[in-house]
Amino acid sequence: MKPRIYIARALPEPVAAYLEANCECRYWQGPGSITEEELAAEIGDAEGVLLTGTPVGEKVLKAGYKLRVVSNLSAGYNNLDLSALAARRIVATHTPYVPDDTVADLGMTLILATARRVAELDRMVKEGRWRQGMDAELYGLDVHHKRLGIIGMGRIGEAVARRAAKGFDMDVVYYNRRRKPEAEERLGIGYMPLDELLSTSDFVLLLTPLTPQTRRLIGEKQLALMKRSAIFINISRGETVDEAALIRALETRRIAGAGLDVFEREPLPPDHPFTRMDHMVALPHIGSATAETRLNMAFAAARNLVRALTGLTPIDIVPELRA
Ligand SMILES: NC(=O)C1=CN([C@@H]2O[C@H](COP(=O)(O)OP(=O)(O)OC[C@H]3O[C@@H](n4cnc5c(N)ncnc54)[C@H](OP(=O)(O)O)[C@@H]3O)[C@@H](O)[C@H]2O)C=CC1
Ligand SMILES: O=CC(=O)O
């Protein structure tokens, strides 16, 4: 008998076909992303679930009384209550490695877009406000040869560092809890304590996972350490930053700009202060959102689910739940 699974998000057709061939599938039919409450109501006797970002904790696990595997279709897995999963010996997987280059490309996109004011000047041209000549007040900032400080030098951090150091001649420094001497050598990057990184970098890029230790890692104090000319980029999770403090830092020009792919509340409400700021670029959490990478991530998540349900070791068990 095929294992019963619940597919809580849209999937590309070949991935759905692969799952249909291996499992008995039920699908989320509602509009938009499934909420925790909706998942708890839907999960029934499913042994496996494939989802992206929906919280999985006591509520869902109590309802999903037959659940054995949770396959999270994303690299980050802060939506999973790891203790609750561990207590029930439920396997949880994610999709690391696959999106690294794509997310790193987006990191560079935000660095370049904020420094060269791409979104703001695009609006100016299209709204017919382009006048002869170019006022100095519209000049951007150079990216090449500037210092990029990366907080969280993991898989994606290394992919950004490679692009920045080797493609843009940037001086790349990083902060992690553990130093990575091999990566320092290979990529030509340097380690720095967090405060020194913040106070000397021209661009600060946040790329840690969201954990209890990284929640609001960047707040008032950290923003106050940054150069007034510095630009802050966040492609990790919205909650790694104290968003109210970031808004104040941008409103008072304590820092020069920001490029954000992630927010405390997603989608960003239409009246949010960020929507009124020309010196920040906002993207709708699209770090890995290319057709190729999303297809590959979906296949990775589906394979993890099928492997775990058929007694094979899934490739990408989240590190905290590995035996
Ligand atoms: N915007 C988007 O669409 C996407 C966002 N992401 C986000 O990017 C995050 C990182 O992904 P990935 O590079 O694959 O993850 P990795 O686990 O490879 O890297 C995370 C890095 O963060 C460091 N880190 C963890 N905790 C801390 C801490 N308390 N202080 C300082 N550094 C810390 C780790 O080093 P150490 O343990 O030594 O501290 C590690 O080097 C994901 O968790 C996800 O949230 C991922 C994909 C797409
Ligand atoms: O935010 C996306 C992810 O893969 O993590």
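Two strands pair if DSSP finds at least two bridges between them. The legends below use that sense of pairing for a predicted model.

**View 1. The seven-stranded sheet, β8-β7-β6-β9-β10-β11-β12.** The view shows an open sheet of 7 strands in the order β8-β7-β6-β9-β10-β11-β12, with parallel pairing. At its edges stand β8 (190-191) and β12 (280-282), each of which pairs on one side only. Helix α7 packs on this sheet and touches β6, β7 (171-175) and β9. The direction of α7 makes about 160° with that of β7.

**View 2. The pairing of β6 with β9.** Strand β6 (residues 147-151) and strand β9 (residues 203-206) run parallel and are joined by 4 bridges. One residue to pick out is Leu148, whose bridge partner in β9 is Phe203.

**View 3. The five-stranded sheet, β2-β1-β3-β4-β5.** This open sheet has 5 strands, ordered β2-β1-β3-β4-β5, and its pairing is parallel. The edge positions belong to β2 (24-27) and β5 (91-93); each has a single partner strand, so one side of each is left without a neighbour in the sheet. On average, neighbouring strands of this sheet are turned by 15° against each other, direction ignored.

**View 4. Strands β1 and β3, with helix α12.** Strand β1 (residues 4-7) runs parallel to strand β3 (residues 48-51), and 3 bridges join the two. Within this pair, Ile5 has Gly48 of β3 as its bridge partner. Helix α12 (residues 291-309) lies across β1, β3, β4 (69-72) and β5. With β4, helix α12 makes an angle of about 170°.

**View 5. The two domains and their contact.** The chain is divided into domain 1, made of 4-98 + 291-321, and domain 2, which covers 100-282. Their C-alpha centres lie 31 Å apart. In the contact, 5 residues of domain 1 meet 6 residues of domain 2. On the domain 1 side, the touching residues divide into 2 nonpolar, 3 polar and no charged.

**View 6. The shell around ligand 1.** Ligand 1 is surrounded by 29 residues, of which Gly76, Gly154, Arg177, Pro209 and Gly287 are the closest. Domain 1 and domain 2 each supply at least three residues to this shell. The largest share, 3 residues, comes from helix α7 (residues 155-167), the helix that also packs on the sheet of β6, β7 and β9. By class, the shell holds 11 nonpolar, 13 polar and 5 charged residues.

**View 7. The shell around ligand 2.** Around ligand 2 are Ser74, Ala75, Gly76, Pro99, Gly287 and Ser288. These residues divide into 2 nonpolar, 4 polar and no charged. Gly76 and Gly287 appear in this list and also among the closest residues to ligand 1.

**View 8. The spans annotated in UniProt.** An unreviewed UniProt entry lists residues 6-318 as "domain: D-isomer specific 2-hydroxyacid dehydrogenase catalytic". In the model, the end C-alpha atoms of residues 6-318 lie 20 Å apart, and the span is 37% helix and 14% strand. UniProt also places "domain: D-isomer specific 2-hydroxyacid dehydrogenase NAD-binding" at residues 108-287, again in an unreviewed entry. For residues 108-287 the end C-alpha atoms lie 11 Å apart, with 33% of the span in helix and 15% in strand.

Methods. Residues numbered from 1 in each chain as written. Chains lettered and ligands numbered in written order. Predicted model: local features only at pLDDT ≥ 70, side-chain atom pairs only at ≥ 80, totals over all residues. Domains from an automatic or database assignment. Contact = placed C-beta atoms within 7 Å. Nonpolar A, V, L, I, M, F, W, Y, C, P; charged D, E, K, R; others polar. Near = placed C-beta within 6 Å. UniProt positions renumbered as here; feature names shortened; annotations may be inferred. Axes fitted to C-alpha atoms, helices over the stretch in contact; angles between N-to-C directions.
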